Amino acid sequence: MKELNHSKSEELFKEALKYIPGGVNSPVRAFKSVGLNPIFVDSGKGPKVKDVDGNEYIDYICSWGPLLLGHSNSELLEGILDTINKGTSFGIPTEIEVKMAKLIVEASPSVDMVRMVNSGTEATMSALRVARGYTNRNKIVKFEGCYHGHSDALLVKSGSGTITFGVPTSPGVPEDTVKDTLVCTYNDMDSVKEVFQKYGKEIAAVIVEPVGGNMGVVPGKKEFLKGLRDITIKYGSVLIFDEVITGFRLAFGGAQEVYGIQPDMTCFGKIIGAGLPVGAYGGKREIMEMVSPVGPVYQAGTLSGNPLAMHMGYKNLSILKNNKNIYDELEKKAIKIEKGINENIEKLGINATVVRFKAMLCLFFAKGPFENFKDVMKCDTEKYAIYFREMLKRGILLAPAQFEAMFLSMAHGDEEIEYTIKCNYEALKIAFEK
Ligand SMILES: *Cc1c(COP(=O)(O)O)cnc(C)c1O
């Protein structure tokens with residue numbers, strides 16, 4: 001197999017290292033955990049991206065989720081120039097913000113009102129503030145392996161003791177900031193009950209990814225999510241679904257529609273911006289009316305509800321709304337990949353596992369089951385790195401880390417999927433020979 005030429009990317013990376021920490025604006029882009037330097041992208045079209053050296057790849061990063069319709073979808077981009085020409089930001093209300101909010105509310109069974117922000121991080125951070133203001137309590141519960149952005153209170157892992165006080169996962173996060181963050185085990189209701197027995201009356205909120213998408217893909221069990229719903233009702237705590245990945249991906253109504261469970265608040269991001277910087281949080285009217293200027297909880301944003309971002313997001317959600325068969329088709333594509341990779345795993349007799357939930361997929365380099373963070377930590381990340389590099393050589397761009405989802409789009413057709421499965425066989429073979 002011929003090595004690809006990455007000379008322009010290497011040059012840009014060298015330059016980037018001088019001016020940007022690690023040469024990248026978000027850590028996972030550094031390709032560190034797969035032992036490479038990043039490729040620099042020139043452009044994307046449909047299921048593919050082209051790098052600055054002219055190499056083409058079938059893309060399974062897809063901007064980490066927003067691009068459900070693939071790169072530069074022409075229907076999506078229609079009208080964007082007219083919108084730009086009308087002005088890029090006003091800081092005064094625009095009609096498209098109202099249309100966007102209405103569409104999100106209509107789509108999401110549990111959301112009566114919604115506030116736009118600029119990222120998923122802002123959405124979760126703000127939702128927690130509102131939940132704390134609403135309940136007049138301080139403690140929050142999160143789950144190990146769930147990612148909710150990089151705000152201080154959420155950058156925690158479980159401590160070494162049996163219970164559950166978080167310790168910061170990053171320098172710069174004061175212990176005081178996370179002292180009210182309790183960390184439980186995903187899919188383990190007992191760990192949640194224990195915490196509620198002790199602190200129930202102090203717990204403002206439980207925040208959870210209904211399908212874990214940041215430790216590979218680990219679906220929440222229905223009994224677990226139902227258990228969270230019941231216990232938060234019992235103790236008067238706010239249940240927050242972080243649907244930044246799952247929202248508008250699993251179904252038009254997100255995970256809450258698929259599971260038939262209604263949280264009190266929901267966070268969105270990624271797909272609702274179609275590649276522009278957008279997040280949103282919403283929920284029951286009574287809770288959302290805590291937000292300034294109706295209520296006392298302060299939350300604001302100079303660029304929140306930005307007209308370009310709203311235009312793209314609204315367009316994206318409208319296309320999904322008018323073509324709900326998209327969700328079946330996406331799932332069919334995911335099933336096809338799952339089946340192909342499973343056949344490869346069987347032929348090779350190796351310890352690897354595909355986990356799929358709807359159109360969310362992950363290939364773990366270990367034998368399952370995978371129900372929580374500890375389970376996924378069994379994976380052989382060195383083998384994943386070899387696999388990643390072999391796939392890249394063959395023109396397939398996967399997430400440059402084991403513990404990420406494989407992001408599919410509507411633009412990934414049979415041809416790309418069949419080629420992916422063929423390459424998967426070759427790359428797995430090499431990874432497991434070494
Ligand atoms: C990506 C992600 C976030 C953070 O969103 P940003 O836009 O990167 O700040 C929060 N929650 C989940 C579940 C995510 O996947």
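**Core packing, domain arrangement and ligand site**

In the predicted model, isoleucine 272 touches Met100, Ile104, Met116, Phe248, Val278, Gly279, Ala280, Gly313 and Leu317, with residues up to four places away in sequence left out of the count. Ile272 is among the residues with the most contacts inside the largest nonpolar core, together with Phe143, Leu228, Phe248, Leu320 and Tyr387. This core has 114 residues. Because domain 1 and domain 2 both give residues to the core, it lies between them. A second, separate core has 23 residues, including Ile140, Ala204, Val238 and Val244.

The domain assignment divides the protein into domain 1, which comprises 7–60 and 324–433, and domain 2, which comprises 76–322. The centres of the two domains, taken over C-alpha atoms, are separated by 26 Å. Across the boundary, 21 residues of domain 1 are in contact with 28 residues of domain 2.

The ligand is surrounded by Ser119, Gly120, Thr121, Tyr147, His148, Gly149, Glu209, Asn214, Asp242, Val244, Ile245 and Lys270. By class, this shell contains three nonpolar, six polar and three charged residues. Val244, one of the residues around the ligand, is also included in the second nonpolar core.

Polar atoms of the protein approach both oxygen and nitrogen atoms of the ligand. A polar side-chain atom of Thr121 lies 2.6 Å from a ligand oxygen atom. For Asp242, an N or O atom of the side chain is 2.7 Å from a nitrogen atom of the ligand. At Tyr147, by contrast, a polar backbone atom is involved, at 3.3 Å from a ligand nitrogen atom. The ligand on its own has 380 Å² of accessible area, of which the protein covers 83%.

Key:
Residues numbered from 1 in each chain as written. Predicted model: local features only at pLDDT ≥ 70, side-chain atom pairs only at ≥ 80, totals over all residues. Heavy atoms only, no water. Near = heavy atom within 4 Å. Polar contact = N/O pair within 3.5 Å; in protein donor to acceptor, adjacent residues only side chain to side chain. Areas by Shrake-Rupley, 256 points an atom, 1.4 Å probe, with all protein chains shown as cover. Nonpolar A, V, L, I, M, F, W, Y, C, P; charged D, E, K, R; others polar. Core = buried A, V, L, I, M, F, W, Y, C linked by side-chain atoms within 4.5 Å. Buried < 20%, exposed > 50% of the residue type's maximum accessible area, 1.4 Å probe, protein only. Domains from an automatic or database assignment. Contact = heavy atoms within 4.5 Å.
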